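Hi everyone, thanks for coming. I'd like to walk you through a few helices today and how they sit against their surroundings. Let me put the structure up.

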Amino acid sequence: MTEFEILCKLDSVCKKNRISYSLAFGSALGAVRHDGFIPWDDDIDVMMGHKDYKKLLKLKKNELGNFFLSSYKTEKEFPMPFTKLRKNNTKMEESCIRFLNIHTGVWVDIFPFTYAAKGSALKKAQSYLLGIYCTLHYKYLNKHKMENNDEIVLNSKLCKVTNALPDWLIKPLKTLFFNLACFVGTRKSGIMIQMDEPNNNKKIIDIDSIENTVLHKFELGEFPIPLNYDKYLKKLYGDYMVPVKSHIHVNLEKVEL
């Protein structure tokens, strides 16, 4: 129940700091269909709007206790364009990034969403800005892969540019492009996009899915899920009340609880 413990900590911190969030993806599905984890699921996902996400990233270490917020703000080599809340003194190493100098504790994934832009030109600009934001995260992963004679994450001109940038410039550039992508979006669009997958149609959701939530049972507690969860889950999974074949979500090297 380490994952559940981390979720409880996230919920407590968010309530204290007035940060809104919702269970997302398979975790929202698990809440609705199983009142908890999908039996074969191996992680917890939550989502929040970019304003709440920024508040989360500003939390001090002493507010987290025996937990750690992994993000580009706290770890130089953190390779994801989203955030993980991890429990200290645990280990869950992902095979694909095992050689990075980052915290490897058991985690809950936290995905940021922002308002989509309106108009073809601004939509294209927003997609490009988020593309740069995500690519900047590949710098250290690419570096380690090249040192290990492994295939790099994305072999593109943009990746080659970001790989050549000095280390001191990477963090401020991530913040810049994150903020620019949020700036060109507008609430009037009526939709929000997942910032690490802006062009994935299933990750484009109604604003209501983020801003309007309802508490729902999940294991031993109650946590927010989208108020319009039926519409949200149907877009992701179709007939979501019918279980699909189980699968392994993450390839793990080592797990210590």
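Let's begin with a single side chain. If we leave aside its neighbours within four places in sequence, Lys55 is in contact with Asn17, Arg18 and Ile19. One caution before I go further: this is a predicted model, so please take everything I say in that spirit.

Where does Lys55 sit? It is found in helix α3. Lys55 is partly exposed, with a relative accessible area of 36%. For a sense of distance, take Ala31, which is 24 residues from Lys55 along the chain: the two C-alpha atoms are separated by 26 Å.

Now the rest of that helix. Which residues of α3 are buried? Helix α3 covers residues 50-57, and its buried residues are His50, Asp52, Tyr53, Leu56 and Leu57. Looking down the axis of α3, you find these buried residues within an arc of 155°, so they line one face of the helix. There is a general point behind that pattern. An α-helix has 3.6 residues a turn, so residues three or four places apart point the same way.

What covers that face? The cover for the buried residues of α3 includes two helices, α1 (2-16) and α7 (167-183), along with the strands β2 (45-49), β3 (67-70), β4 (83-87) and β6 (107-115).

I'd like to stay with α7 for a moment. The axes of α3 and α7 are 11 Å apart, and the two helices pack at an angle of about 155°. With an angle over 145 degrees, α3 and α7 are therefore roughly antiparallel to each other. The crossing of α3 past α7 is left-handed. On the α3 side, the residues involved are His50, Tyr53 and Lys54, and they meet Phe178, Asn179 and Cys182 in α7. Sorted by class, that contact has three nonpolar, two polar and one charged residues.

Helix α7 has another partner, α4, which spans residues 120-136. Here the axes come within 9 Å and cross at roughly 155°. So α4 and α7 are also roughly antiparallel to each other, and their crossing is left-handed. From α4, the contact is made by Gln126, Leu129, Leu130, Ile132, Tyr133 and Leu136. From α7 come Ile170, Leu173, Lys174, Phe177, Phe178, Leu180 and Ala181. By class, this contact of α4 with α7 has 11 nonpolar, one polar and one charged residues. You may have noticed Phe178 in both lists: it meets α3, and it is part of the contact with α4.

Let me finish with helix α9, residues 229-237. Which of its residues are buried? They are Tyr232, Leu233 and Leu236. These residues cover an arc of only 90° around the axis, which puts them on the same side of α9. They pack against the helices α2 (25-34) and α8 (208-211), and against the strands β2, β8 (204-206) and β10 (221-226). Strand β2 also helps to cover the buried residues of α3.

Tyr237 lies in α9 as well. Is it buried or partly exposed? Tyr237 is partly exposed, with a relative accessible area of 36%. Leaving aside neighbours within four places in sequence, Tyr237 is in contact with Phe25, Gly26 and Leu29. Phe25 is 212 residues away along the chain, yet its C-alpha atom and that of Tyr237 are separated by 9.0 Å. After α9 comes Gly238, with a positive phi near 70°.

That's my tour. Thanks for listening, and I'm happy to take questions.

Note on methods
Residues are numbered from 1 along each chain as its sequence is written. This is a predicted model: local features need pLDDT of at least 70, side-chain atom pairs count only at pLDDT 80 or more; totals for chains, interfaces and linings use all residues. Side-chain values use heavy atoms; hydrogens and water are left out. Buried means under 20% relative accessible area, exposed over 50%, partly exposed in between (1.4 Å probe, protein chains only). Helices (H or I, at least four residues) and strands (E, at least two) are DSSP runs, numbered from the N terminus. The arc is that of the directions from the helix axis to the C-beta atoms. Contact means heavy atoms within 4.5 Å. Axes are lines fitted to C-alpha atoms, for helices over the stretch in contact, and angles run from 0 to 180 degrees between N-to-C directions. Angles under 35 degrees count as roughly parallel, over 145 as roughly antiparallel, 65 to 115 as roughly perpendicular and the rest as oblique. A crossing is left-handed if the near helix is turned anticlockwise from the far one by less than a right angle, and right-handed if clockwise. Ala, Val, Leu, Ile, Met, Phe, Trp, Tyr, Cys and Pro count as nonpolar, Asp, Glu, Lys and Arg as charged, and the others, Gly among them, as polar.
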